[in-house]
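Visitor: I'm new to this one. Could you pick a single part and take me through it closely?

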Amino acid sequence: MNLERRVRICLESNALSVEETAGDITVTVPAGRLVDSLMALKEHPDLKFDFLSDVIGIDNLDLFRKKKGKGKAAEEEPPEKKVKAPPPPRFEIVYLLLSLESSERLRVKIQVPENDMTVDSVTSIWRAASWPEREIYDLFGINFLGHPDLKRLLMWDGFKGHPLRKDYPLEGKGETRRLVYEQEKIR
Amino acid sequence: MKIQGYGGNGWFITKMEQLINWGRSRSPWPLPYGTACCGIELMATMASGYDIARFGAERPSFSPRQADVLLEAGTITKKMTPVLKRIYDQMAEPKWVIAMGACACTGGVFRTYSTHQGIDSIIPVDIYIPGCPPRPEALLDGLVKLIHKIEKEHPLRKQAQALLQES
């Protein structure tokens, strides 16, 4: 049985869409059922995706704005398509899974709308998700419920903003890290 | 009886300065602060092929307290700036700084939110070495220029002026 069939059987109604790109399968699951779905993919005897390679955040700001009708592309699109496709949520999180037994890989995607930036943490399944989730929290500003130690990973504490968001200027907003020494703190 | 040699920039002072500068310029012990790919060129320069020891810098000092030259080789992120400042503050006088590579001089290609645009806004820099990364020859050239700069310094100028006022 090919991977797509097995994933569909395992996830049942949780698989909102299953697409194949260049031989890799991307499955979209609802954000609320994320932990259950990943747990099922890990535990299922035919799949055994027991290794979490990476967790990636995506900001679809351009698509998001175009579909909302602010850009030029929205006007060019045929009207019937415009009605059908709802505006995609701005953020996406991608979980890259690997089965150490069969060497198969799977992309699991969830969509995170801008008005609800909280996602369940998968650190209860894979401890390895801890730092990638902290990175996404740092650079995209998405909160992870149930994360043991959710704080900034790359930028320093007290940094304001989330630099990997597409509406964040590349050269920053002139942030500098203040030179604080311990002696100063004591005073 | 006043001895002529003691007053101002007299014979004793200038000869003493020459001696001090001779010692300082012949042993500029570097603190290798490699934060990026420039550090690899720095390693090549310290190895036998280019042999930085020919210019007296054969002892890389991994403690800032025994270093004379802070060899800043690589990108300094904004998160790193307090660390660099602190290491510079820990070095004992006299101290000099070489900014090696485009990143240390100006921020280089990384004109982004995370990169500090040139270390000279945190600590004083004596020698700038352009290049991305600079070749070992460029680093040696920078070191030689620093040596010439050290030789022209006046470490006893304060004492000389004090003596001038006394006499």
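Guide: Helices here are DSSP runs of H or I with at least four residues, and strands are runs of E with at least two, both numbered from the N terminus. Chain A has 7 helices and 7 strands, and from the N terminus on they follow the order α-β-β-α-β-α-α-α-β-β-β-α-β-α. What you see is a predicted model, in which local features need pLDDT of at least 70 and side-chain atom pairs pLDDT 80 or more, while totals for chains, interfaces and linings use all residues. Residues count from 1 along each chain as written, chains are lettered from A and ligands numbered from 1 in written order, and side-chain values use heavy atoms, without hydrogens or water.

Let's settle on Arg90(A). This arginine sits in the loop between helix H5 (79-84) and strand E4 of chain A. Is it buried or exposed? Arg90(A) is buried, at 3% relative accessibility (buried is under 20% relative accessible area, exposed over 50%, partly exposed in between, with a 1.4 Å probe and protein chains only). In chain A as a whole, 38% of the 187 residues are buried.

Now for its partners. Arg90(A) and Glu114(A) make a salt bridge, with their closest N and O atoms 2.6 Å apart (that means a side-chain nitrogen of Lys or Arg within 4 Å of a carboxyl oxygen of Asp or Glu). Glu114(A) is in the loop between E5 and strand E6 (118-120), so this pair ties together parts of chain A that are 24 residues apart in sequence. Unlike buried Arg90(A), Glu114(A) is partly exposed, at 39%.

There's a second salt bridge at Arg90(A), this time with the side chain of Asp167(A), at 3.3 Å from N to O. Asp167(A) belongs to the loop between strand E7 (143-145) and helix H7 (182-186), so here the parts tied together are 77 residues apart in sequence. Asp167(A) is partly exposed too, with a relative accessible area of 42%.

For a contrast, hop over to chain B. Asp141(B) has a salt bridge with Lys145(B), the closest N and O atoms being 3.1 Å apart. Both lie in helix H5 (residues 136-151) of chain B, and being 4 residues apart there, they are separated by about one helical turn. Asp141(B) is partly exposed at 39%, and Lys145(B) is partly exposed at 48%. Back in chain A, shared partners link Arg90(A), Glu114(A), Asp167(A) and also Asp59(A) into one network of salt bridges. Over all chains, there are 16 salt bridges.

What about the nonpolar side of things? The largest nonpolar core has 40 residues, and Leu38(A), Leu41(A), Ile93(A) and Tyr95(A) touch the most other members (a core is a set of buried Ala, Val, Leu, Ile, Met, Phe, Trp, Tyr and Cys joined through side-chain atoms within 4.5 Å). Among the elements of chain A giving two or more residues to this core are helix H2 (34-43), strand E3 (51-59), strand E4 (91-98) and strand E5 (105-112). Ile93(A) makes contacts, meaning heavy atoms within 4.5 Å. Leaving aside neighbours within four places in sequence, its partners include Val55(A), Ile56(A), Val108(A), Ile110(A), Ile136(A) and Phe144(A). Apart from this core lies another one of 18 residues, including Cys38(B), Leu42(B), Ile129(B) and Ile150(B).

One last look at how chain A is put together: among its contacts between residues at least 6 apart in sequence, 56% join residues at least 24 apart.
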